[in-house]
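Welcome! Here are some exercises to help you find your way around a protein chain you have not met before. Have a look at the sequence and the structure, then try each task before reading its solution.

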Amino acid sequence: MSQPMVPATRSRLPLRRRPAALLATVTARLIVTLRPHRIRRILSVVRRGAAPATTGQALASREAVVAVSARCAGEGCLQRSVATALLCRMRGVWPDWCTGVRTAPFRAHAWVEVDGLPVGEPHRPGEYQRMMVVPAALPEERRPERRP
């Protein structure tokens with residue numbers, strides 16, 4: 001994507017948490033080389049059965065990914081967002097994974113959000129027009145089923 005940003009502050013990650021973050025980052029690196037419809041299809045399959053993530057869970061995953069990858073800490077927003085979603089999934093949850101654009105000036109970006117709010121991102125909600133989303137739960141899964 002083309003979202004310019006200042007590299008995120010990289011904190012040190014405890015050794016026991018590094019393998020999962022590294023696995024998510026490497027897997028994301030492979031996934032982001034695919035065409036957009038394949039990325040969406042893969043992420044849609046991976047998210048099945050996951051509970052919606054909380055903001056804290058998504059932020060912790062994002063911080064872990066940034067801590068182990070200089071690319072994810074910098075301008076690699078697509079890889080960072082996919083790795084964050086994958087790390088959340090390893091923990092049994094899933095945030096909304098989004099890609100989008102804005103027009104003035106043109107920018108493309110990828111991020112994760114929880115309850116419609118971007119997690120760990122400098123942009124405001126609604127600043128980008130969402131183009132592709134892999135939601136935490138499909139609309140029919142979010143509502144409890146009512147039977148007469």
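The exercises below go from the whole chain to its helices, its sheet and two single residues, and they use a predicted model.

**Exercise 1. The overall layout**

Task: Find how many helices and strands the chain has, and write down their pattern along the sequence.

Solution:
- Step 1: Start by counting the elements: there are six helices and six strands in the chain.
- Step 2: Next, follow them along the sequence, which gives α-α-β-α-α-α-β-β-β-β-β-α.
- Step 3: Now look at burial: of the 148 residues in the chain, 43% are buried.
- Step 4: Finally, take the contacts between residues at least 6 apart in sequence; 70% of these join residues at least 24 apart.

**Exercise 2. Helix 1 against helix 5**

Task: Work out whether helix 1 is roughly parallel, roughly antiparallel, roughly perpendicular or oblique to helix 5.

Solution:
- Step 1: Locate the two helices, residues 18-31 for helix 1 and residues 77-90 for helix 5. Their axes come within 8 Å and cross at roughly 130°.
- Step 2: Compare this angle with the cut-offs: roughly perpendicular covers 65 to 115 degrees, and roughly antiparallel needs over 145. Helix 1 is therefore oblique to helix 5.
- Step 3: Add the handedness: helix 1 and helix 5 make a right-handed crossing.
- Step 4: List who takes part. Helix 1 contributes Ala-20, Ala-21, Leu-23, Ala-24, Thr-25, Thr-27, Ala-28, Arg-29 and Ile-31, while helix 5 brings Gln-79, Val-82, Ala-83, Leu-86, Leu-87 and Met-90.
- Step 5: Sort the residues of this contact by class: 11 are nonpolar, three polar and one charged.

**Exercise 3. Helix 2 against helix 5**

Task: Repeat the analysis for helix 2 (residues 36-47) and helix 5, and state how the two are oriented.

Solution:
- Step 1: The axes of helix 2 and helix 5 are 10 Å apart, and the packing angle is about 20°.
- Step 2: Angles under 35 degrees count as roughly parallel, so helix 2 and helix 5 are roughly parallel to each other.
- Step 3: The crossing of helix 2 and helix 5 is left-handed.
- Step 4: From helix 2, the contact takes Ile-39, Leu-43, Val-46 and Arg-47; from helix 5, it takes Leu-78, Val-82, Leu-86 and Arg-89.
- Step 5: The classes in the contact of helix 2 with helix 5 are six nonpolar, no polar and two charged residues.

**Exercise 4. Building the sheet**

Task: Put the strands of the four-stranded sheet in order and say which ones are at the edges.

Solution:
- Step 1: Begin with strand 3 (residues 96-103) and strand 4, which run antiparallel and are joined by eight bridges. One pair to look for is Trp-97 with its bridge partner Val-112 in strand 4. The two strands form a hairpin with two residues between them.
- Step 2: Move on to strand 5 (residues 117-118), which pairs with strand 4 in the antiparallel sense over two bridges. Here Val-114 has Leu-117 as its bridge partner. Two residues sit between the strands of this hairpin, where Asp-115 takes a positive phi near 55°.
- Step 3: Assemble the order: the sheet is open and reads 5-4-3-6, with antiparallel pairing. Strand 5 and strand 6 (129-134) are the edge strands, as each pairs on one side only.
- Step 4: See what packs on the sheet: helix 2 touches strand 3 and strand 6, and its direction makes about 50° with that of strand 6.
- Step 5: Check strand 4 (residues 106-114) for burial: seven of its nine residues are buried, so strand 4 is largely enclosed by the rest of the structure.

**Exercise 5. Two residues up close**

Task: Decide whether Thr-25 and Ser-61 are buried or exposed, and find which residues they touch beyond four places away in sequence.

Solution:
- Step 1: Thr-25 is found in helix 1. Its relative accessible area is 6%, and the cut-off for buried is under 20%, so Thr-25 is buried.
- Step 2: Beyond its sequence neighbours up to four places away, Thr-25 touches Val-65, Val-68, Ser-69, Cys-72, Gln-79 and Ala-83.
- Step 3: Ser-61 lies in helix 3 (residues 55-68). With 0% relative accessibility, Ser-61 also counts as buried.
- Step 4: Leaving out residues up to four places away, Ser-61 touches Thr-84, Leu-87, Cys-88 and Arg-91.

Methods: Residues numbered from 1 in each chain as written. Predicted model: local features only at pLDDT ≥ 70, side-chain atom pairs only at ≥ 80, totals over all residues. Heavy atoms only, no water. Axes fitted to C-alpha atoms, helices over the stretch in contact; angles between N-to-C directions. Left-handed = near helix turned anticlockwise from the far one by under 90°. Contact = heavy atoms within 4.5 Å. Nonpolar A, V, L, I, M, F, W, Y, C, P; charged D, E, K, R; others polar. Buried < 20%, exposed > 50% of the residue type's maximum accessible area, 1.4 Å probe, protein only. Pairing = 2+ DSSP bridges.
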